[in-house]
Amino acid sequence: MTQQLTGATTAAGTGTRWWRDAVIYQVYVRSFADSDGDGIGDLRGIEGRLPYLAELGADAVWLTPFYGSPQADGGYDVADYRVVDPLFGTLADAESLLRTAHGLGLRVIVDVVPNHTSDRHVWFREALAGGGRARYHFRPGRGADGELPPNDWQSVFGGPAWTRVADGSWYLHLFAPEQPDLNWENPEVRAEFEAILRFWLELGGRGVDGFRVDVAHGMVKAAGLPDIGTAEQVQMIGSQTLPFFDQDGVHEIHRAWRTLLDSYAGERIGVAEAWAPSAGRLALYVRPDELHQAFNFQFLRCPWDGAAMRAVVDESLAATASVGAPTTWVLSNHDVVRHVTRYGGGAAGLRRARAAALLMLALPGSVYLYQGEELGLPEVTDLPDELREDPSFFRSAGQEGLRDGCRVPIPWTGDGPSYGFGPGPGWLPQPESWGKHSVAEQTGDPGSTLELYRTALALRRRLAGLGDGPMHWLDGPEGVLAFSRPGFVCTVNTLPRPVELPAPGRLLLSSAAPDISGESVRIPGDSCTWWAI
Ligand code: GLC
């Protein structure tokens with residue numbers, strides 16, 4: 001028995017383009033699989049684990065930066081955009097990984113970091129020596145002797161966004177001092193990045209299938225670099241309107257990149273890591289002539305609350321539908337506390353995380369999974385300070401958002417020096433509980449989170465139209481989200497206690513087994529159930 005429809009149809013897509021409903025698995029390269037025993041994950045390690053990702057049911061893999069880098073910010077400080085850092089392998093390894101992935105039917109998306117380079121990049125070294133400064137933002141300081149920064153901007157990682165160099169001038173870095181911001185008003189910068197994109201789009205013949213564009217909202221700064229006028233800490237995940245984020249000028253760059261991507265066969269895509277003050281502003285990045293997708297951080301930030309989640313779903317779908325783009329869904333990534341922990345941690349956090357995953361996989365749009373979420377991994381909250389590498393830890397003690405705890409190497413086996421991550425210990429210590437979370441321990445256990453993801457992804461593929469197309473909200477008691485998709489109903493009980501409902505159809509999958517008796521069903525607290533209708 002289906003329930004009464006109460007909502008309008010939302011998000012109609014064509015369903016024909018791969019990226020509209022793709023499940024894209026994020027590999028944090030340093031922490032996925034270590035083939036050579038140096039404690040750091042590498043491209044060969046990833047290549048060896050690609051069959052796992054294909055079998056899991058991912059459509060594509062997104063690899064975080066593996067380019068030449070002094071690693072001041074986990075590789076988001078790129079010194080050479082056209083090489084593989086020896087830590088992670090060689091260009092030949094990258095080509096081999098691409099071939100193997102494509103052979104398994106997996107697409108590969110790589111990161112591009114255009115807002116800033118490393119301070120070791122040849123351009124910045126030239127700038128320090130006095131040449132080519134127009135590629136960056138160098139300014140004289142304020143105060144009698146120029147001893148004060150040129151404006152009041154704060155770095156996302158804490159502290160001033162300016163650093164003074166030997167000749168007394170200052171350069172802008174929205175992130176760490178080792179990450180000087182590029183000046184995108186300079187045509188040389190634009191030309192160089194187009195060449196970098198082409199390099200990766202052509203690597204080994206077929207090239208990569210797309211780019212995740214780092215800080216896609218930050219490349220253009222307000223003219224004159226005006227003061228903000230407040231001492232408020234800058235938040236990357238925020239709704240502030242700032243003179244260095246979400247400036248209208250960035251869209252011209254994305255349009256040029258879209259033209260470039262479209263000039264290659266095979267639907268190469270761009271996904272924006274863009275933080276915009278509203279869903280409407282975010283949708284501008286995915287207009288038909290701009291990037292294909294943008295991460296939906298509003299969904300990631302939403303608490304485990306039925307009404308709030310429904311509002312975010314509606315707002316996200318409406319905003320992207322207004323420009324004809326698919327919505328994306330994401331719960332975790334390498335910059336945020338893992339969602340098991342965000343939702344309260346422990347058994348309750350895991351129950352909610354499993355339910356949220358099924359909710360996300362039942363919504364229309366493309367889904368981003370972060371390595372280890374399919375294992376139900378929690379955040380590691382007790383890392384010793386001396387082992388931390390996240391620059392935000394060193395620049396802003398006490399600031400929330402320390403990012404090493406979600407970057408701990410993932411466990412593949414129940415034992416071994418790094419639970420199968422590599423032949424020796426990993427670069428960050430794994431908790432003892434990692435063994436029972438491992439791929440090997442969970443495989444074949446029908447109650448495990450890994451098998452829940454595997455089944456959900458297989459069903460999502462099988463149920464034509466689940467990833468794209470319309471959805472309708474259904475009536476439900478407060479705290480319960482219910483919606484239908486073609487031939488399908490999803491019910492989410494966000495309350496901590498069971499609720500009684502008329503059974504919406506035939507049980508397909510559940511994050512916690514419902515109790516069906518006759519026409520009615522008792523749905524456990526903090527759970528999500530999929531039904532065939
Ligand atoms: C993005 C990355 C983050 C990095 C920052 C600066 O937000 O996801 O890890 O620190 O950009 O490049």
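In this predicted model, the strands β6, β8 and β7 form an open sheet, arranged in the order β6-β8-β7 with antiparallel pairing. Strands β6 (138-139) and β7 (162-164) occupy the edges, and each has a single partner strand, so one side of each is left without a neighbour in the sheet. The pairing of β6 with strand β8 (residues 170-172) is antiparallel and extends over two bridges. In this pairing, R139 has W170 of β8 as its bridge partner.

Strands of a sheet pair through backbone hydrogen bonds, in either a parallel or an antiparallel sense. Further along the chain, strand β15 (residues 480-485) runs antiparallel to β16, and six bridges join the two. Within this pair, A482 stands opposite T491 of β16. Together β15 and β16 make a hairpin, with two residues between the strands. One residue of the turn, G487, has a positive phi of about 70 degrees.

Strand β16 is also joined to strand β21 (residues 527-532), again by six bridges and with the two strands running antiparallel. Here C490 stands opposite W530 in β21.

How far is β16 (residues 488-493) enclosed by the rest of the structure? A residue counts as buried when its relative accessible area is under 20%. Six of the six residues of β16 are buried, and the strand is therefore largely enclosed by the rest of the structure. The burial applies to both directions in which its residues point: F488, C490 and V492 point one way, V489, T491 and N493 point the other way, and all are buried. Thus T491, which stands opposite A482, and C490, which stands opposite W530, belong to a strand that is largely enclosed.

Definitions and conventions:
Residues are numbered from 1 along each chain as its sequence is written. This is a predicted model: local features need pLDDT of at least 70, side-chain atom pairs count only at pLDDT 80 or more; totals for chains, interfaces and linings use all residues. Side-chain values use heavy atoms; hydrogens and water are left out. Buried means under 20% relative accessible area, exposed over 50%, partly exposed in between (1.4 Å probe, protein chains only). Helices (H or I, at least four residues) and strands (E, at least two) are DSSP runs, numbered from the N terminus. Two strands pair if DSSP finds at least two bridges between them.
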